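Please open the model in your viewer and keep the sequence panel visible. The tour below proceeds by selection: each stop names what to pick and then describes what is found there.

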Amino acid sequence: MIDIHCHLLWGIDDGPKTLDESVQVCSMLKSRGVNRVIATPHYIVGSTYQTNAASVTHITQQLNEVLLQKVPEFEIMPGMEVFITPDIIDLIKSNEILTLNGTRYILIETSLNNISTYMEDIFYKLQLEGYIPIFAHPERNRKINMDFKLIERLISNGVLIQVNYDSLMGRYGKDVKKFTEILLKKGLVHFIATDTHCVSERFKGTGELSKILLELIGNENTEKIININPSRILENREVEKIIPAIEKKFFLKKLLKL
Ligand SMILES: [Fe+2]
């Protein structure tokens, strides 16, 4: 599995505090089936999490060097989880913030309590500049809860959707779990990521995740969500469309009647 949303760089946000803790997180992820990760430390303008592209790139390189010995065959690429701000285009152009692995894909988070009035405008402007916004864990936003119309509109306007493993497992409550499951079944999810911040017992591994996804959305979509689409990001290629699991069943029934 390729994890496109993960906080594993030390001393930069609310992830690991030391290099040793970073290595432990990498070791845990590898033992649970993840072999490539895009490091996405928070970038929040005006907060203590206002890091910068140069330091994220530097720490990523340092960690990769240590991992060659300590956690071989595990690779980290630089990125950020950017908190939505009206200045986002200028920040990209001034090399203040990073896209995912230097590609056109950018991971964007919003407040969990409201929907900013300029969110859709920013998503649109990013695309005018050639970037593809990936909305990080919208299922956790209390205002969006169960607003499938909004998610459908965002996707039809070119935004991609990433949900969290923990949301699917019910860590944020039954409503978020239900919302995540329906989003997946409706084909409204392009990526699932761990959003790991520390060594955790909660992430059981890709085996368990695949099993749950297989039952919900079938083999083809599972493969797209956890492997194919993340690898498309790394290659800066277009992601695969997700076919709604509900539509697929209907199509199969129709086919069998024929
Ligand atoms: Fe995150």
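A residue is called buried when its relative accessible area is under 20%, exposed when over 50%, and partly exposed in between. The model on display is predicted.

**First stop: the iron ion**

Select the iron ion together with His5, His7, Glu81 and Asp195, which coordinate the ion at 2.0 to 2.3 Å. The two histidines each contribute NE2, whereas Glu81 offers OE and Asp195 offers OD. Which spacing do the donors follow along the chain? The pattern reads H-x1-H-x73-E-x113-D. Display the angles next: the four donor atoms subtend 83 to 171° around the iron ion, which makes the arrangement irregular. A tetrahedral site would need all angles to lie between 85 and 135 degrees.

Now keep His7 and Asp195 in the selection. His7 belongs to the loop between β1 (2-6) and α1 (19-31), and Asp195 to the loop between β9 and α8, so that distant parts of the chain, 188 residues apart, are linked here. Both residues are buried.

Is Asp195 buried or exposed, given its relative accessible area? The value is 9%, and Asp195 therefore counts as buried, since the limit is under 20%. Its backbone also deserves inspection: phi of Asp195 is near 50°, a positive value in a residue other than glycine.

**Second stop: Cys198**

Remain in the loop between β9 and α8 and select Cys198. At 42% relative accessibility, Cys198 counts as partly exposed. Add His7 to the view: the two residues are 191 apart in sequence, yet their C-alpha atoms are 7.8 Å apart in space. Beyond neighbours within four places in sequence, Cys198 is in contact with Val25 and Met28.

**Third stop: aromatic pairs**

The structure holds three aromatic pairs. Begin with Phe123 and Phe135, whose ring centres are 5.7 Å apart and whose planes meet at 55°, a tilted pair. Phe123 lies in helix α4 (residues 119-128) and Phe135 in strand β7 (residues 132-136), so the pair ties together parts that are 12 residues apart in sequence. Phe123 has a relative accessibility of 1% and counts as buried; Phe135, at 1% as well, is also buried.

Next, select Tyr165 and Phe203. Their ring centres are 4.9 Å apart and their planes stand at 90°, so this pair is edge-to-face. Tyr165 is in helix α6 (residues 165-168), while Phe203 is in the loop between β9 (191-193) and α8 (206-234); the pair thus joins distant parts of the chain, 38 residues apart. Both Tyr165 and Phe203 are buried.

**Fourth stop: charges over rings**

Select Arg140 and Tyr172. Arg140 lies over the face of Tyr172, 3.8 Å from the ring centre. Then move to Lys186 and Phe148, where the charged end of Lys186 sits over the ring of Phe148 at 5.2 Å from its centre.

While Phe148 is on screen, extend the selection to Met146, which is placed in the loop between β7 and α5 (148-156). Phi of Met146 is near 65°, a positive value in a residue other than glycine. With a relative accessible area of 32%, Met146 is partly exposed.

**Fifth stop: Thr60**

Select Thr60 in helix α2 (residues 53-70). Thr60 is buried, its relative accessible area being 2%. What does the side chain of Thr60 reach? The partner is the backbone oxygen of Val56, at 2.7 Å. Apart from neighbours within four places in sequence, Thr60 is in contact with Leu9, Ile76, Met77 and Pro78.

**Final stop: Leu216**

Finish in helix α8 by selecting Leu216. At 15% relative accessibility, Leu216 counts as buried. Show its surroundings: excluding residues up to four places away in sequence, Leu216 touches Leu168, Glu181, Leu184, Lys185 and Ala245. One of these, Lys185, is 31 residues from Leu216 in sequence, with a C-alpha to C-alpha separation of 6.5 Å in space.

Definitions and conventions
Residues numbered from 1 in each chain as written. Predicted model: local features only at pLDDT ≥ 70, side-chain atom pairs only at ≥ 80, totals over all residues. Heavy atoms only, no water. Phe/Tyr/Trp six-rings, centres within 6.5 Å; stacked < 30°, edge-to-face > 60°. Helix = DSSP H or I, 4+ residues; strand = E, 2+ residues; numbered from the N terminus. Buried < 20%, exposed > 50% of the residue type's maximum accessible area, 1.4 Å probe, protein only. Lys NZ or Arg CZ within 6 Å of the ring centre and 35° of its normal. Polar contact = N/O pair within 3.5 Å; in protein donor to acceptor, adjacent residues only side chain to side chain. Contact = heavy atoms within 4.5 Å. Donors = N, O, S within 2.8 Å, 3.2 Å for Na, K, Ca; no water. Tetrahedral: all angles 85-135°; square planar, octahedral: opposite > 155°, others 65-115°.
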